[in-house]
Amino acid sequence: MHAVGIVAAAGSGLRLGAELPKALVPLAGRPLVCWAVDTLRAGGVAQVVVVVPADERAAFAAVLAADVVVVDGGATRTASVRAGLVAAAEDADVVLVHDAARPLTPPDVVGRVLTALADGARAVVPVLPVADTVVVVDEGGVVTDAVPRAPLRRVQTPQGFDRATLVAAYAALEDDAEHTDDASVLRAAGVPVHTVDGDERAAKVTVAHDLFLAELQT
Ligand code: C5P
């Protein structure tokens with residue numbers, strides 16, 4: 001099975017409060033994007049495409065290995081992944097899409113996603129249970145409902161897909177459609193999305209506190 005990885009790294013990092021694009025922010029001295037590329041490689045992905053902010057291309061190329069394909073991203077994550085998909089090798093059987101913002105994802109998670117794809121799933125996401133009580137609030141901040149948490153899951157990356165199925169699902173999307181992950185694009189196309197165990201270490205770095213916690217784990 002030939003796997004290609006797409007690392008979505010074109011976000012701005014506004015919520016992190018960094019001067020740099022988030023994916024270039026260092027963790028233990030190395031940019032987040034380098035950690036994400038290494039995870040995919042260590043987990044068994046042959047080729048990696050990194051999607052970057054168009055005006056930061058040179059800065060990304062300077063820190064990535066020469067065999068990593070660098071492409072310009074778009075205004076939304078959905079647009080960025082769409083751009084990465086165009087650059088992903090057509091001879092790949094499967095595509096894994098990963099957030100640069102999840103630097104400490106263990107390669108085992110990649111392995112579980114690849115195994116599920118090899119077993120015949122067309123779309124696979126790593127998930128974790130929800131520990132907190134989840135409620136719905138109205139505009140005034142008053143709780144109006146509680147959501148049973150037993151069937152709820154938090155969705156992580158890398159998310160894995162049969163390449164042709166992923167390409168078809170993105171082709172069927174409206175140009176300006178916006179999804180927060182790729183499995184929701186597949187679900188919109190009617191493709192069943194399977195789950196494997198995620199890992200707390202695959203947590204997303206969004207705000208400064210997340211980076212602080214990640215530093216403690218390196
Ligand atoms: O914004 P959010 O935290 O959901 O971003 C998840 C991932 O998507 C990050 O790794 C970010 O770099 C990437 N992204 C992107 N293009 C955008 C916005 C986000 O590649 N326009």
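The largest pocket in this predicted model has a volume of about 710 Å³. A pocket here is an open set of points on a 1 Å grid over the protein atoms alone, where a 1.4 Å probe fits, with protein on both sides within 12 Å along at least five of seven lines; lining residues have an atom within 4 Å of a point. There are 29 lining residues, with Gly-11, Arg-15, Arg-77, Asp-99 and Lys-204 nearest the centre. By class, the lining splits into 9 nonpolar, 12 polar and 8 charged residues.

That is also where the ligand goes: its space is the largest pocket (more than half of its atoms lie within 2 Å of the grid points). Around the ligand sit 15 residues, the closest being Ala-8, Ala-10, Gly-11, Arg-15 and Ser-80 (near means a heavy atom within 4 Å). Polar contacts, pairs of N or O atoms within 3.5 Å, go to backbone atoms such as these:

| Ligand atom | Backbone partner | Distance |
|---|---|---|
| oxygen | Ala-9 | 3.4 Å |
| oxygen | Ala-10 | 2.9 Å |
| nitrogen | Gly-74 | 3.0 Å |

On its own the ligand exposes 470 Å², and the protein buries 85% of that (Shrake-Rupley method, 1.4 Å probe).

The second largest pocket holds about 150 Å³ of space. Helix 5 (163–171) and helix 3 (77–87) each supply at least two lining residues, and helix 5 gives the most, with 4 (helices are DSSP runs, H or I, of at least four residues). This lining has 6 nonpolar, no polar and 3 charged residues.

Residues are numbered from 1 along each chain as its sequence is written. Local features need pLDDT of at least 70 and side-chain atom pairs 80 or more, while totals for chains, interfaces and linings use all residues, and side-chain values use heavy atoms, without hydrogens or water.

Terms used:
Polar contact = N/O pair within 3.5 Å; in protein donor to acceptor, adjacent residues only side chain to side chain. Points joined across faces, edges and corners; volume = space filled by probe spheres on them. Nonpolar A, V, L, I, M, F, W, Y, C, P; charged D, E, K, R; others polar.
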